[in-house]
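Walk me through this structure, from its internal space to its ring pairs and backbone angles.

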Amino acid sequence: MSDLIISQSPHIHTAMTMERSMRDVVIALVPSLIVALCYFGLGAAIVCATSVALCVLFEWAISKYVLHASRNTIGDWSAVITGLLLGFNLPSNMPVWLVVLGALVAIGIGKMSFGGLGCNIFNPALVGRCFLLVSFPSAMTSWPVPGQLTSYVDAQTEATPLSIMKWAAKSGDASVLERLPESFSMLLGNPDNGMGAGSLGEVCAVAIVLGLVYLLWRRVITWHIPVSIIATVFVLTAALHAFDDSYVNPVASVLSGGVMLGAVFMATDYVTSPMSARGQLVYGIAIGLLTVVIRFWGAYPEGMSFAILIMNAFTPLINMYIKPRRFSSK
């Protein structure tokens, strides 16, 4: 006889489970993983495999030997997602020991120190990524050119579109933007433009869009956060470009860097994002605004990771003042 589980109301009957939602996110990440492997080869395989394996291992070990949990949570797929997203936020020539350190920080500090899944206030993968960026900036800003399939730590590196955009805006020299690849090339992640493509998961916007469509179809996420982030970045960059052509055009701004990856897969994290639709719109608009501000006037070329973590901290406040409609209310 199975145990009778008693919980507080409301009682909602649905086929959706946490494990199914997590598996759907993993499936949605597969197109971006395939593109990363095709463009970066050995480096992408080593970085992603190490990140996933160590995230799962650290969650198992911390649950068993530190938290002494009666049930280990590695079967819910959340550690796999953290590992994939951490790997997607790293360059393909990242040394293994730094990937291991990032995984430990992501799981140990970003997730398990708060009590595990459902208790963390910050996105664990971004905690690991920002720790590595602040602590090891040289390794985190060395971007290999796609197409070097058998190269790993010795891969040839080059400037990324984001660094070019940053320099153009800072210098006021619009001619610098002529070095940028065409928007169609950034959409597909063309590996033949001789330019560093950035992190593993942000190479191809089409692959990310395929993942977005799948998540929307499976009703794992709603449109509010991704659309509000992308629309805000587009509108603000368009206004800046209209005012001064040394700022990049809005299409290139959206397709470059981590805007698409962050908007679809990291800002939409259930635990760290607001519950209501209106709250999600406010959250997304704020992330888009912070991303643009950090990109053009901050210390780093990319601001997506910092913007999401900052708004993660504001999520409880958003939930307090913008509450979802009560059940049975009219």
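The largest cavity in this predicted model has a volume of about 320 Å³. The count of cavities of 30 Å³ or more comes to 3. What lines the largest cavity? Its wall is made by 22 residues. Met22, Ile81, Phe265, Asp269 and Tyr270 lie nearest the centre. Four elements each give two or more residues to this lining: helix H1 (18–40), helix H3 (78–88), helix H5 (124–135) and helix H12 (259–266). H3 gives the most, with 4 residues. By class, the lining of the largest cavity has 14 nonpolar residues, 6 polar ones and 2 charged ones.

Next, follow the chain past H3. Asparagine 93 sits in the loop between H3 and helix H4 (96–109). Is asparagine 93 buried or exposed? Its relative accessibility is 9%, and buried means under 20%, so asparagine 93 counts as buried. The side chain of asparagine 93 has a polar partner: it makes a polar contact with the side chain of serine 142, at 3.3 Å. Set aside the neighbours within four places in sequence, and asparagine 93 is in contact with Ser142, Pro144, Tyr152, Val153 and Thr157. Serine 142 thus appears in both descriptions, as polar partner and as contact.

Now the rings. A pair of aromatic rings is described by the distance of the centres and the angle of the planes. How many aromatic pairs does a search of the whole structure find? The search finds 7. One of them joins tryptophan 60 and tyrosine 65. Their centres are 5.7 Å apart, and the planes stand at 85°. The cut-off for edge-to-face is over 60 degrees, so this pair is edge-to-face. Tryptophan 60 is partly exposed, at a relative accessible area of 33%. Tyrosine 65 has 52% relative accessibility and counts as exposed, because the limit for that class is over 50%.

Another pair brings together tyrosine 247 and phenylalanine 296. Here the ring centres are 5.1 Å apart and the planes are at 85°, so this pair is edge-to-face. The pair links distant parts of the chain, with the two positions 49 residues apart in numbering. Tyrosine 247 is in the loop between helix H10 (224–243) and helix H11 (250–255). Phenylalanine 296 belongs to helix H13 (residues 277–297). Which side of the 20% limit do these two residues fall on? Tyrosine 247 is buried, with a relative accessible area of 11%. Phenylalanine 296 is buried too, at 8% relative accessibility. Ring pairs also bring in Trp297: Tyr247, Phe296 and Trp297 are linked into a cluster.

Finally, look at the backbone. Tryptophan 77 has a phi near 75°, a positive value in a residue other than glycine. Tryptophan 77 is found in the loop between helix H2 (42–66) and H3. At 33% relative accessibility, tryptophan 77 counts as partly exposed, because that class lies between the 20% and 50% limits. Arginine 219 also has a positive phi, of about 60°, although it is not a glycine. Where is arginine 219 placed? The residue lies in the loop between helix H9 (205–217) and H10. Its relative accessibility is 73%, so arginine 219 counts as exposed.

Conventions:
Residues are numbered from 1 along each chain as its sequence is written. This is a predicted model: local features need pLDDT of at least 70, side-chain atom pairs count only at pLDDT 80 or more; totals for chains, interfaces and linings use all residues. Side-chain values use heavy atoms; hydrogens and water are left out. On a 1 Å grid over the protein atoms alone, a cavity is a set of points where a 1.4 Å probe fits but cannot get out, and a pocket is an open set with protein on both sides within 12 Å along at least five of seven lines; lining residues have an atom within 4 Å of a point. Grid points are joined across faces, edges and corners, and a volume is the space filled by probe spheres set on the points. Ala, Val, Leu, Ile, Met, Phe, Trp, Tyr, Cys and Pro count as nonpolar, Asp, Glu, Lys and Arg as charged, and the others, Gly among them, as polar. Buried means under 20% relative accessible area, exposed over 50%, partly exposed in between (1.4 Å probe, protein chains only). A polar contact is a pair of N or O atoms within 3.5 Å; within protein, one must be able to donate a hydrogen and the other to accept it, and residues adjacent in sequence count only if both atoms are side-chain atoms. Contact means heavy atoms within 4.5 Å. Rings of Phe, Tyr and Trp (its six-membered ring) pair if their centres lie within 6.5 Å; planes under 30 degrees apart count as stacked, over 60 as edge-to-face and the rest as tilted.
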